[in-house]
Amino acid sequence: MNVDPDLQAAYLRTAYWVEARPQPIALRVGEHSLALDRVLARQRAGRWAFITAWNPRSQLLAPWRNAAHQQELLQALRRAGYRWLPALGEGDDPAWPPEPSVLVLGMSARDAVRLACRFDQNAVVVGRLRGRATLVWCMYKT
């Protein structure tokens, strides 16, 4: 899959914030987070996926449309029995608004990609306990 270098750079420059206690956790692609490991251990989760339904295929939508997509994502996660933590993807481009997201506990990379494709997302960030955050591109038909 050929990925636009600017789009890839934007994903790599994004901070993937997870609402956790005692403080939020910032994840970065290619990095390991001891703070997230502690959360995963408490939650008894060996893997995770960071996903959103906002701005499908990196096309800015009205906030109300994005919120509706995000509710659909949360419903799909509930139906599948997943637990998640609220999250926020925040890039370094001030023209691109932060995207409400979720860190799904116990979700495999394969299932994360399938779900992201269902919501027309370009990519997801996934990881495992004691591992680095990995950017995985979705493959979808145009």
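1. Start with Arg13 and Asp92: in this predicted model they form a salt bridge, with the closest N and O atoms 2.8 Å apart. It's a long-range link, joining the loop between helix 1 (5-12) and strand 1 to the loop between strand 4 and strand 5, 79 residues apart. Both ends are partly exposed, Arg13 at 39% relative accessible area and Asp92 at 46%.

2. Next up, Asp120 and Arg57, another salt bridge, at 3.5 Å between the closest N and O atoms. Asp120 sits in the loop between helix 4 (109-118) and strand 6, and Arg57 in the loop between strand 3 and helix 3 (63-80), so this pair ties together parts 63 residues apart in sequence. Asp120 is partly exposed at 30%, and so is Arg57 at 29%.

3. Arg114 and Asp111 make a more local pair: both lie in helix 4, 3 residues apart, about one turn of the helix. Their side chains meet in a salt bridge at 3.3 Å, N to O. Here Arg114 counts as exposed, at 53%, while Asp111 is partly exposed at 28%. The salt bridge count comes to 3.

4. Now the inside. The largest nonpolar core has 22 residues, and Leu27, Leu36, Trp48, Phe50, Leu103 and Val125 touch the most other members. Elements giving two or more residues to this core include strand 3 (47-51), strand 5 (99-105) and strand 6 (123-128), but the largest share, 3 residues, comes from helix 2.

5. Have a look at Trp48: beyond its sequence neighbours, its contacts include Leu27, Leu36, Leu103, Val125 and Arg128. Apart from this core lies another one, of 19 residues, among them Ala53, Val102, Ala112 and Ala116.

How values were computed: Residues are numbered from 1 along each chain as its sequence is written. This is a predicted model: local features need pLDDT of at least 70, side-chain atom pairs count only at pLDDT 80 or more; totals for chains, interfaces and linings use all residues. Side-chain values use heavy atoms; hydrogens and water are left out. A nonpolar core is a set of buried Ala, Val, Leu, Ile, Met, Phe, Trp, Tyr and Cys residues joined through side-chain atoms within 4.5 Å. Buried means under 20% relative accessible area, exposed over 50%, partly exposed in between (1.4 Å probe, protein chains only). Helices (H or I, at least four residues) and strands (E, at least two) are DSSP runs, numbered from the N terminus. Contact means heavy atoms within 4.5 Å. A salt bridge is a side-chain nitrogen of Lys or Arg within 4 Å of a carboxyl oxygen of Asp or Glu. Lists of a residue's contacts leave out its neighbours within four places in sequence.
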